[in-house]
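This report goes through selected features of one protein chain, from helix geometry to charge pairs, chain contacts and backbone angles.

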Amino acid sequence: MSDIIQLLPDSVANQIAAGEVIQRPSSVVKELMENAIDAQATQIQVNITDAGRTAIQVIDNGMGMSDTDARLAFERHATSKIRKATDLFALRTMGFRGEALPSIAAVAQVDLRTRQKDNEIGTHLTIEASKVKSQQPIACLQGCNISVQNLFFNLPARRKFLKSNNTELNHIVQIFQRIVLVYPDIAFTLTHNGVQLYNLPVTTQQERIADIFGKKCRQQLLPVNTQTSLCTISGFVGKPEAARKNNAPQYFFTNGRYMRHPYFHKAVTQVYERLIPQGEQIPYYIYIKVDPANIDVNIHPTKTEIKFDDESAIWKMLSSAVRNTIGRYDTATQLDFDNDDKPDIPVYNPSQTWTPMSVEGAQRQPATPKAPAHWETLFPKNTNPAQADLFPTPPPTEELAHTTTATHHLQYKGRYIVTPVKSGLMLIDQRRAHQRILYEEYLATDAAHKAPIQQLVFVETIELTAEQHITMQHLFPILQQLGFDMLLDDDGTLSIRGIPATIAGQHLPTLIAELIDSAQQQGDAAGQLQQLVARQLARQTAITRGEVLTQEEMDNLVNRLFRCTDVHHTPDGKTILHIVPQEDIDRFFG
């Protein structure tokens, strides 16, 4: 039997490595930006075309490369960062494996122009699918200008699995943010299809955060700073009032490298457990510096996982540092607890004597109010033939079809509407019912049936971050169709002049922010974007729990609910109504 084990050709090996290192356009952006930082650049420009599908260009003013180094940089495991195995435990650079450039060149067309400071002439190198097409001298600026075009042109299956431009661009923005947050001493720009998304000058750490996430967040940040022989922890955590339901910025960096660390995340969030509502997220930006010998970053090709020698000790230091910050600035806020059904606790009066309760004492208590005369008239039987059918549209189930002709409903604890049906008692969650009603009404709004617009007395102006601006461009036509009268400028300024009448009284900045957050979480399901907006608006604008309804309002709510296509579930799948069978009621009374 002949030998069956063979060495893979370099072209195949490079494509396998590329599958680990280059997963999508944002992977290319990450590797090229990190190379520019390692080259000691002070200015880095990132230019994107079609969310990276067509072209990704990174220009820096770093050290540049010689003609020999430029050619060698595209060979696998060729690197200037390490020389021997022990160097892996003294890493102070972003890259070190020597896999990024050859992986990129294996799945794209690469054009590199580079020049070192002391050289008058630079090098122009073109590579396609790992093959060098040309190399010649050229006059160019100091540093590197590298352009990656037609990513995955030779791997159509991989290119087909790229997501929508909106999703891929959001991934690029996230990678860009993770890097620029670590290096406020470097100027960055990010441009997409000729539109500048970020222009970040050299600044302080706190100002860089504000440049990324909005000026308002500057007042919501508290500094964290502690230094020990084991590590240095610095950065910022949010005040409790900065907590958000979704997509709160949460970042850990170790020695300038972004990382995910659920264990350290718990160290921060547990400090806020009694300070913010359950389920909300607190923003934080934590920078940890440790001896490189005490960590291992060589775990995963993306380098977002880091192993620490003594995680528990750092966990305690981190938790203590955050706790001290919160205590020092005394920013703990009180939660508004649900006071429904709270007992009436009498106020202590020292001048009032207390007598133990007795039968005689009980008899001296105020008598129970008597039922009003003619109480039967409060619940008249329905005799109006026009109202014989409580639900004018065909009910969705046979059981609900046997409702009584009673027109009166009862409201229980400001949460439920109780109405008799032939099979028993029906309980309807009024807020959930209203959510279903609004959701279907929002979906029914189209270009031919636009919702009525309520003009605002004063124009509401909202400054969006670059990431929010990208998402809003996709939400904009849907919101206009729903009745929003607004303008979106190229600089990310959203001006709202009118709103749908159904959302009057809402806090618009919060409403818009939550719509954008939901859309970002939705990912690629562009066809479901309208449903997402309708669901989010319905959740935000539905009546609140505890809201007292008149008989007419309850009638209207019930009738509108039973015109819906689904009376049983909210858009999120929660139960709207429940019927207590008559036999169960009879059983309660024996």
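In this predicted model, helix α15 covers residues 529–541, which is 13 residues. With a rise of 1.5 Å a residue, the expected span is 18 Å, and the end C-alpha atoms are 18 Å apart, so the two values agree. The expected value is taken as 1.5 Å times one less than the number of residues. The buried residues of α15 are Leu 529, Leu 532, Val 533, Ala 534, Gln 536, Leu 537, Ala 538, Gln 540 and Thr 541.

Two arginines of this helix take part in charge pairs with Asp 572. Side chains of opposite charge can pair when their charged atoms come close. The side chain of Arg 535 meets that of Asp 572 in a salt bridge, at 3.5 Å from N to O. Asp 572 is in the loop between α16 and β22 (577–581) and Arg 535 is in helix α15, so this salt bridge ties together parts 37 residues apart in sequence. Arg 539 also forms a salt bridge with Asp 572, with an N to O distance of 2.9 Å. Here too helix α15 is tied to the loop between α16 and β22, because Arg 539 lies in the helix and Asp 572 in the loop, 33 residues apart in sequence.

How accessible are the partners? Arg 535 has a relative accessible area of 23% and is therefore partly exposed. Arg 539 is partly exposed at 26%, and Asp 572 is partly exposed at 35%. Partly exposed stands for the range between the buried limit, under 20%, and the exposed limit, over 50%.

A further salt bridge joins Arg 560 and Glu 441, whose closest N and O atoms are 2.9 Å apart. This pair links distant parts of the chain: Arg 560 belongs to helix α16 (residues 551–561) and Glu 441 to helix α12 (residues 430–444), with their positions 119 residues apart. Arg 560 is partly exposed, at 23% relative accessible area, and Glu 441 is partly exposed as well, at 37%. The three pairs described are listed below.

| Salt bridge | N to O distance |
|---|---|
| Arg 535 and Asp 572 | 3.5 Å |
| Arg 539 and Asp 572 | 2.9 Å |
| Arg 560 and Glu 441 | 2.9 Å |

How many salt bridges does the model hold when a side-chain nitrogen of Lys or Arg must lie within 4 Å of a carboxyl oxygen of Asp or Glu? The count comes to 17 salt bridges.

Charged residues also form a surface patch. Glu 463, Asp 489, Asp 490 and Asp 491 make up a negative patch. Of these, Asp 491 is placed in the loop between β20 (485–488) and β21 (493–500). Its relative accessibility is 58%, so Asp 491 counts as exposed, the limit being over 50%.

Two contacts between positions far apart in sequence can be described by their C-alpha distances. Ser 518 sits in helix α14 (residues 508–522). Is Ser 518 buried or exposed? Ser 518 counts as buried because its relative accessibility is 11%, which is under the 20% limit. Its C-alpha atom is separated by 7.9 Å from that of Asn 246, although the two residues are 272 apart along the chain. Asp 50 belongs to the loop between β1 (43–49) and β2 (55–60). With 29% relative accessibility, Asp 50 counts as partly exposed. Asp 50 and Leu 169 are 119 residues apart in sequence, and their C-alpha atoms are 8.3 Å apart in space.

The backbone angles of two loop residues remain. Most residues other than glycine have a negative phi. Ser 130, which is not a glycine, has a positive phi near 75°. Ser 130 lies in the loop between β4 (122–128) and β5 (131–138), and counts as partly exposed at 29% relative accessibility. Lys 413 is not a glycine either, and its phi is positive at about 55°. Lys 413 is in the loop between β16 (410–412) and β17 (416–421). The relative accessibility of Lys 413 is 45%, so this residue counts as partly exposed.

Note on methods. Residues numbered from 1 in each chain as written. Predicted model: local features only at pLDDT ≥ 70, side-chain atom pairs only at ≥ 80, totals over all residues. Heavy atoms only, no water. Patch = residues over 30% accessible without salt bridge, like charges linked within 9 Å, V, L, I, M, F, W, Y side chains within 5 Å. Areas by Shrake-Rupley, 256 points an atom, 1.4 Å probe, with all protein chains shown as cover. Lys, Arg positive; Asp, Glu negative; His and termini not counted. Charge placed at Lys NZ, Arg CZ, Asp CG, Glu CD. Helix = DSSP H or I, 4+ residues; strand = E, 2+ residues; numbered from the N terminus. Buried < 20%, exposed > 50% of the residue type's maximum accessible area, 1.4 Å probe, protein only.
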